[in-house]
Amino acid sequence: MRIIGGKLRGLRLNPPNNLPARPTTDLAKEALFNILQNQIELEEIRVLDLFSGTGNLSLEFSSRGASVVTAVDRNINGLNFLKDMAKKHGLEGIETYRADVFKYLAMETEQYNLIFADPPYDLNRIPEIAKVIFEKDLLLPDGMLIIEHQSMQNLSNHPAFVEQRKYGHSSFSFFKKRASCG
């Protein structure tokens with residue numbers, strides 16, 4: 001794993017081996033950020049990283065200039081690794097929360113430009129993620145939700161669904177909050 005862009009570009013990440021995480025591959029991450037660079041200005045945005053695992057994507061967003069990156073995961077080892085890396089490399093905008101993601105979302109009131117969720121692929125509640133985020137209005141106008149999931153899973157029945165991009169066994173489903181017309 002490595003940071004592929006921004007001020008920490010090329011930095012190798014060596015998280016502890018005992019983490020129950022399936023990090024987004026460099027290939028999929030590179031494809032994701034190529035898509036994002038054409039759709040959203042990454043500097044100064046507010047990002048919510050759900051099921052953050054090793055913090056790989058939190059570090060990537062922060063490296064690319066996100067002003068706030070909020071990482072949520074139940075595993076303290078992953079969060080500690082992320083906090084250590086953020087401190088070591090001066091990434092002051094990263095906040096970590098140890099919590100069940102659905103309980104966190106039930107309490108969350110902040111809005112974000114981008115929410116990224118990388119739940120365990122065997123989680124049966126994956127379709128609920130988009131439902132909860134849009135019901136709670138957690139995206140800013142023109143905000144985007146991206147859910148990483150198994151390619152065989154289909155999340156397109158949500159009204160805010162835009163597209164699914166497949167990268168082998170993994171896919172990213174994109175959801176967009178439309179700016180309201182005044």
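Q: Buried means under 20% relative accessible area, exposed means over 50%, and partly exposed lies in between (1.4 Å probe, protein chains only). Which of these words applies to Phe33 and Phe61, buried or exposed?
A: Both Phe33 and Phe61 are buried. The model is predicted, so local features need pLDDT of at least 70 and side-chain atom pairs count only at pLDDT 80 or more, while totals for chains, interfaces and linings use all residues. Residues are numbered from 1 along each chain as its sequence is written, and side-chain values use heavy atoms, with hydrogens and water left out.

Q: What makes two rings an aromatic pair, and how many pairs are there?
A: Rings of Phe, Tyr and Trp (its six-membered ring) pair if their centres lie within 6.5 Å; planes under 30 degrees apart are stacked, over 60 edge-to-face, and the rest tilted. The count by this rule is 6 aromatic pairs.

Q: Why is the pair of Phe33 and Phe61 called tilted?
A: The ring centres are 4.9 Å apart, with 55° between the planes. The distance is within 6.5 Å, and the angle is neither under 30 nor over 60, so the pair counts as tilted.

Q: What makes this a link between distant parts of the chain?
A: Phe33 belongs to helix H1 (residues 26–37) and Phe61 to helix H2 (residues 56–63), 28 residues apart. Helices (H or I, at least four residues) and strands (E, at least two) are DSSP runs, numbered from the N terminus.

Q: How do you know that Phe116 and Phe172 form a pair, and why is the pair called tilted?
A: Their centres are 6.1 Å apart, which is within 6.5 Å, and the 55° between the planes falls between the two angle limits, so this pair too is tilted. Phe116 is in strand E4 (residues 112–117) and Phe172 in strand E7 (residues 170–176), so the pair ties together parts 56 residues apart in sequence. Both are buried. With Tyr167 they form one aromatic cluster.

Q: What makes Arg46 and Arg125 charges over a ring?
A: The rule asks for NZ of Lys or CZ of Arg within 6 Å of the ring centre and within 35 degrees of the ring normal. Arg46 lies over the face of Tyr112 at 5.1 Å from the ring centre, and Arg125 lies over the face of Phe102 at 3.8 Å. Both distances are within 6 Å.

Q: What makes E3 and E6 edge strands?
A: Two strands pair if DSSP finds at least two bridges between them. The open sheet of 7 strands has the order E3-E2-E1-E4-E5-E7-E6, with mixed pairing. Strands E3 (94–98) and E6 (161–167) each pair on one side only. The twist averages 15° from one strand to the next.

Q: How do you know that E1 and E4 are paired?
A: Strand E1 (residues 46–50) and E4 share 4 bridges in the parallel sense, which meets the requirement of at least two. Leu48 has Ile115 in E4 as its bridge partner.

Q: How do you know that E7 pairs with E5 and with E6?
A: E5 and E7 run antiparallel and are joined by 7 bridges; E6 and E7 pair in the antiparallel sense over 6 bridges. Both counts satisfy the rule. E6 and E7 form a hairpin with 2 residues between them, and Gly168 in the turn has a positive phi of about 65°.

Q: What makes E7 mostly covered?
A: In E7, 6 of its 7 residues are buried.

Q: How do you know that Thr70 and Ser52 are buried?
A: Thr70, in strand E2 (residues 68–73), has 1% relative accessibility and so counts as buried. Ser52, in the loop between E1 and H2, has a relative accessible area of 8%, so it is buried as well.

Q: Why is the link between Thr70 and Glu95 called a polar contact?
A: A polar contact is a pair of N or O atoms within 3.5 Å; within protein, one must be able to donate a hydrogen and the other to accept it, and residues adjacent in sequence count only if both atoms are side-chain atoms. The side chains of Thr70 and Glu95 are joined at 3.2 Å, so the distance is within the limit.

Q: What does Ser52 touch?
A: Contact means heavy atoms within 4.5 Å. Not counting residues up to four places away in sequence, Ser52 touches Ser58, Ala71, Val72, Asp73 and Leu79.

How values were computed: Axes are lines fitted to C-alpha atoms, for helices over the stretch in contact, and angles run from 0 to 180 degrees between N-to-C directions.
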